[in-house]
Amino acid sequence: LFTTKEIWYNGVNIKEYDIDSLRERISTVFQDYKVFALSVAENVLCKKIETNEELLKAVDAMKNSGAYDFVKNLPEKENTVITREFDEKGVGLSGGEQQKLAVARVFARNTDLAILDEPSSAFDPVAEYKMYENLIKATKDKTVIYISHRLSSAVLSDNIFVVSDGTVKESGNHKELMELNGIYSNMFTLQAESYKNSERSVS
């Protein structure tokens with residue numbers, strides 16, 4: 001037997017939407033994100049910066065993602081060009097810095113739905129938690145789906161789905177899943193203990 005799987009958005013089958021219109025409603029951060037040989041601000045908006053308003057929009061997005069913590073120290077701040085492909089004064093960024101720029105793109109777009117796939121894998125736990133706090137504030141009354149094996153920020157989610165072998169094994173909020181004492185609870189406890197052990201070794 002074959003079952004038909006459909007995706008509905010705001011009560012409408014996505015097949016009924018104009019594809020370009022649908023894409024305008026969604027912002028994403030994938031694991032294979034890219035940064036380009038453009039200025040930092042242009043990397044966030046993915047376009048040429050033409051007005052001061054656009055520049056401020058990019059800066060605000062970087063502050064929310066945590067990227068501005070390093071951008072403000074670059075030679076030309078948000079106007080600094082990434083890589084030396086087209087500018088000998090261009091700078092190279094670490095993996096974590098690039099990822100924060102990619103996440104800033106979500107903050108810069110006013111979309112109904114944001115999908116983030118392992119968006120903070122290169123963040124430290126504190127930066128990750130702060131970014132998700134800002135994301136929740138910036139997307140009030142909107143839908144955010146993020147996929148992650150790191151559970152430190154799951155406590156902020158309204159609904160958590162634990163997927164294993166292609167099947168949803170558990171669902172609920174953080175408190176409910178911890179009380180269930182199942183897969184999620186075990187994973188969260190193990191990761192929390194790992195963070196504590198790391199802090200002890202550093203101190």
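**Checking the labels**

Me: In strand 5, which residue is the bridge partner of Ala114?

Reply: Val144 is the bridge partner of Ala114 in strand 5. Bear in mind that this is a predicted model.

Me: How do you know that strand 4 and strand 5 pair?

Reply: Pairing takes at least two bridges between the strands. Strand 4 (residues 113-117) and strand 5 have five bridges in the parallel sense, so they qualify.

Me: And what packs on the sheet there?

Reply: Helix 5 does, touching strand 3 and strand 4. The direction of helix 5 makes about 170° with that of strand 3.

Me: Why do strand 3 and strand 5 stand at the edges?

Reply: Look at the order first: the open sheet has three strands, running 3-4-5, with parallel pairing. Strand 3 (26-29) and strand 5 (143-147) each have a single partner strand, so one side of each lacks a neighbour in the sheet. From one strand to the next, the twist averages 10°.

Me: On to helices. Why are helix 3 and helix 5 called oblique to each other?

Reply: Helix 3 (residues 52-65) and helix 5 (residues 95-108) pack at about 120°, their axes 8 Å apart. That angle is not under 35, not over 145 and not in the 65 to 115 range, so what remains is oblique. The crossing of helix 3 past helix 5 is right-handed.

Me: Which residues meet there?

Reply: From helix 3 you get Lys57, Ala61, Met62, Asn64 and Ser65. From helix 5 come Lys100, Leu101, Val103, Ala104, Phe107 and Ala108. Sorted by class, this contact of helix 3 with helix 5 holds seven nonpolar, two polar and two charged residues.

Me: What makes helix 5 and helix 6 roughly parallel, then?

Reply: Their axes cross at roughly 15° and come within 11 Å, with helix 6 spanning residues 125-138. Roughly parallel asks for an angle under 35 degrees, and roughly 15° is below that, so the label fits. This crossing is right-handed. Helix 5 contributes Lys100, Val103, Val106 and Phe107 to the contact, while helix 6 brings Ala127, Met131, Asn134, Leu135 and Ala138. By class that is seven nonpolar, one polar and one charged.

Me: How do you know that Arg109 forms a salt bridge with Glu24?

Reply: Their closest N and O atoms are 3.9 Å apart. The cut-off is within 4 Å, so the pair counts. Arg109 sits in the loop between helix 5 and strand 4, and Glu24 is in helix 1 (residues 19-24), 85 residues apart, a link between distant parts of the chain. By this rule there are five salt bridges.

Me: What makes strand 6 and strand 7 a pair, and in which sense?

Reply: Strand 6 (residues 160-164) and strand 7 (residues 167-172) share five bridges. At least two are needed, so they pair, and the sense is antiparallel. Ile160 stands opposite Gly172 in strand 7. The two strands form a hairpin with two residues between them, and Asp165 in the turn has a positive phi of about 55°.

Me: Where are Cys46 and Asp141, and what is phi at Cys46 and at Asp141?

Reply: Cys46 is in the loop between helix 2 (40-45) and helix 3, with a positive phi of about 55° despite not being a glycine. Asp141, in the loop between helix 6 and strand 5, isn't a glycine either, and has a positive phi of about 65°.

Terms used: Residues are numbered from 1 along each chain as its sequence is written. This is a predicted model: local features need pLDDT of at least 70, side-chain atom pairs count only at pLDDT 80 or more; totals for chains, interfaces and linings use all residues. Side-chain values use heavy atoms; hydrogens and water are left out. Axes are lines fitted to C-alpha atoms, for helices over the stretch in contact, and angles run from 0 to 180 degrees between N-to-C directions. Helices (H or I, at least four residues) and strands (E, at least two) are DSSP runs, numbered from the N terminus. A crossing is left-handed if the near helix is turned anticlockwise from the far one by less than a right angle, and right-handed if clockwise. Contact means heavy atoms within 4.5 Å. Ala, Val, Leu, Ile, Met, Phe, Trp, Tyr, Cys and Pro count as nonpolar, Asp, Glu, Lys and Arg as charged, and the others, Gly among them, as polar. A salt bridge is a side-chain nitrogen of Lys or Arg within 4 Å of a carboxyl oxygen of Asp or Glu.
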